[in-house]
Amino acid sequence: MNKLHPLKINSRKLSWEDNQPHSLDYDDRFFQANVIDETQEVFITANNLKDRWQNLEKDNFKIAELGFGFGLNFLITAKFWHEHNLNNKKWLDYVSIDCFSLNIEDFKKIVKNYPLLKEYGDELVLNFPIECNGFTRIDFPKFKIRLTLIINNVDDALVSLVGNDNNKFDAWYFDGFDPSKNISMWSPNVFSNINLLSKENTTFGTYTAAGFVRRGLEENNFNVSKVKGFGNKRHRLQGVFSKKDKTTQLELTPKKVAIIGAGPAGIACAYKLANQDISVDIFDKKKDLNLNPWAAMYPKFSLGLDPRSDLLVQGYLYAHRFYTKVLSGYKNTGILFLNNGEDRDSWIKRILKLDRDDLFVKLTADEINTQNKVSQDYDGIKINIVIHNHLNYYNLQHFLI
Ligand SMILES: C[S@@+](CC[C@H](N)C(=O)[O-])C[C@H]1O[C@@H](n2cnc3c(N)ncnc32)[C@H](O)[C@@H]1O
């Protein structure tokens with residue numbers, strides 16, 4: 001799959017039976033109806049998570065999943081983590097990759113089938129990300145979980161993690177559809193990147209027992225066992241990474257951090273760290289935190305397929321979600337771009353081609369004038385994010401830029 005603009009969303013093709021989705025893109029089901037037992041056996045037990053969490057010496061545990069789908073493995077793991085994280089002290093880092101972003105209506109429809117997961121599903125709905133490709137971080141301080149969603153094809157997503165020792169995982173969930181229907185999640189490239197992102201005693205679980213998956217993992221330093229499968233599946237695979245490397249030392253999170261400068265960036269960092277139980281001292285030459293209450297974000301999204309585009313889109317959408325949740329004074333006014341020149345005209349045309357009615361509204365000059373009590377001749381577009389969490393929705397006077 002070629003790289004997509006961060007706002008150009010791929011839509012899944014699905015059919016539904018009893019509110020359970022079936023993928024028409026891959027002609028496979030996402031999970032069995034008894035998914036809670038299935039995930040428990042195929043991923044949680046296979047990775048020996050209960051024992052490992054009870055004896056966890058370091059401050060966090062890192063799981064990587066190939067195939068986020070509708071997030072059921074995540075919710076089931078979140079519940080299990082919350083119930084087994086002694087004194088609610090440690091953090092779970094859950095990194096999950098999928099080439100399709102999560103649609104909130106589909107998600108709600110599926111989670112309704114599983115009342116046991118409601119508490120965790122509701123928390124995700126409250127923090128639901130605006131759909132975009134690339135990286136999205138969602139924190140659940142209540143459960144001590146950091147979810148990092150990477151919406152990208154598996155090869156590019158794994159490559160973006162390789163090379164940083166912080167991205168060596170403790171456990172893998174391989175959940176990329178049946179290999180006979182979707183070879184892309186089980187390729188030699190994928191296995192060799194998994195090797196680079198694993199360390200001694202990293203484990204994996206998967207429902208497949210395909211011979212080439214077994215060989216691919218064995219060639220990449222996993223000791224693989226074939227065990228009895230879940231439900232009507234004869235076998236499945238699980239295993240342990242055996243290669244020693246230098247990253248096996250104890251990873252500890254800092255306990256105390258000093259921040260110099262009490263501007264918006266310093267304060268946002270302090271907030272994030274404090275939420276992760278890290279004590280923070282902020283140093284600033286001014287005595288009061290006298291922040292300017294008037295500031296606007298200017299999301300003039302770049303339309304290239306480059307890191308600048310990723311940064312502008314992901315940064316703006318993340319900041320929007322963060323401010324909505326944290327700052328009671330934050331007003332989501334929408335931002336208007338007037339069509340007042342050739343460059344702007346071509347930018348607007350390309351923005352509208354992204355087909356994101358949930359983000360961009362086209363307005364005539366009359367509509368702009370009435371809404372803003374002004375008189376001018378240009379039409380334009382407004383960036384107007386629909387907030388899914390229903391916590392806050394303001395629609396005040398728009399900024400004219
Ligand atoms: C079996 S489903 C995952 C179910 C999921 N774990 C859950 O709990 O809902 C497999 C997922 O793999 C994703 N996928 C398939 N091929 C992919 C690829 N090449 N790169 C990234 N994701 C892929 C699909 O979009 C699908 O969501």
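This report describes the sheets, the helix contacts and the ligand surroundings of one protein structure. The structure is a predicted model.

**The three-stranded sheet**

Strands of a sheet pair through backbone hydrogen bonds, and the pairing can be parallel or antiparallel. One open sheet here has three strands, in the order β1-β2-β3, with antiparallel pairing. Strands β1 (14–17) and β3 (28–29) each have a single partner strand, so one side of each is left without a neighbour in the sheet. These two strands therefore stand at the edges. Strand β2 (residues 20–23) pairs with β3 over two bridges, in the antiparallel sense. In this part of the chain, S23 is placed opposite D28 of β3.

**The eight-stranded sheet**

Another open sheet has eight strands, and its pairing is mixed. The order of the strands is β6-β7-β5-β4-β8-β9-β11-β10. Its edge strands are β6 (134–140) and β10 (222–228), each of which pairs on one side only. From one strand to the next, the twist averages 20 degrees.

At one of these edges, β6 is joined to strand β7 (residues 145–151) by seven bridges, and the two run antiparallel. Within this pair, T136 has L149 of β7 as its bridge partner. Helix α8 (residues 211–218) packs on the sheet and touches β10 and β11 (235–241). The direction of α8 makes about 150 degrees with that of β10.

**Strand pairs around β16**

Strand β16 (residues 380–383) is joined to strand β14 (residues 335–338) by four bridges, and the two run antiparallel. The bridge partner of L338 in β16 is G380. Strand β15 (residues 360–363) also pairs with β16 in the antiparallel sense, over four bridges. There, V361 stands opposite K382 of β16.

The table lists strand pairs described above.

| Strand pair | Sense | Bridges |
|---|---|---|
| β2 and β3 | antiparallel | two bridges |
| β6 and β7 | antiparallel | seven bridges |
| β14 and β16 | antiparallel | four bridges |
| β15 and β16 | antiparallel | four bridges |

**Helix contacts**

The axes of helix α1 (residues 35–45) and α3 come within 10 Å and cross at roughly 75 degrees. Angles of 65 to 115 degrees count as roughly perpendicular, and α1 and α3 are therefore roughly perpendicular to each other. On the α1 side, the contact is made by V35, I36, T39, Q40, F43 and I44. On the α3 side, the residues are L72, N73, I76, T77 and F80. The contact of α1 with α3 has seven nonpolar, four polar and no charged residues.

Helix α6 (residues 154–161) and helix α7 (residues 188–196) also have axes that come within 10 Å, and these cross at roughly 20 degrees. Angles under 35 degrees count as roughly parallel, and α6 and α7 are therefore roughly parallel to each other. The crossing of α6 past α7 is left-handed. Helix α6 contributes V154, D155, L158 and V159 to the contact, while α7 contributes N189, V190 and N193. By class, the contact of α6 with α7 divides into four nonpolar residues, two polar and one charged.

**Around the ligand**

Which residues come nearest to the ligand? Of the 21 residues around the ligand, the nearest are G67, G69, L72, V154 and S184. L72 also belongs to the contact of α3 with α1, and V154 to the contact of α6 with α7. Helix α3 (72–84) and strand β5 (91–98) each supply at least two residues of the shell. By class, the shell around the ligand has 11 nonpolar, eight polar and two charged residues. Strand β5 is also part of the eight-stranded sheet, where β5 stands between β7 and β4 in the order of strands.

Note on methods. Residues numbered from 1 in each chain as written. Predicted model: local features only at pLDDT ≥ 70, side-chain atom pairs only at ≥ 80, totals over all residues. Pairing = 2+ DSSP bridges. Axes fitted to C-alpha atoms, helices over the stretch in contact; angles between N-to-C directions. Parallel < 35°, antiparallel > 145°, perpendicular 65-115°, else oblique. Left-handed = near helix turned anticlockwise from the far one by under 90°. Contact = placed C-beta atoms within 7 Å. Nonpolar A, V, L, I, M, F, W, Y, C, P; charged D, E, K, R; others polar. Near = placed C-beta within 6 Å.
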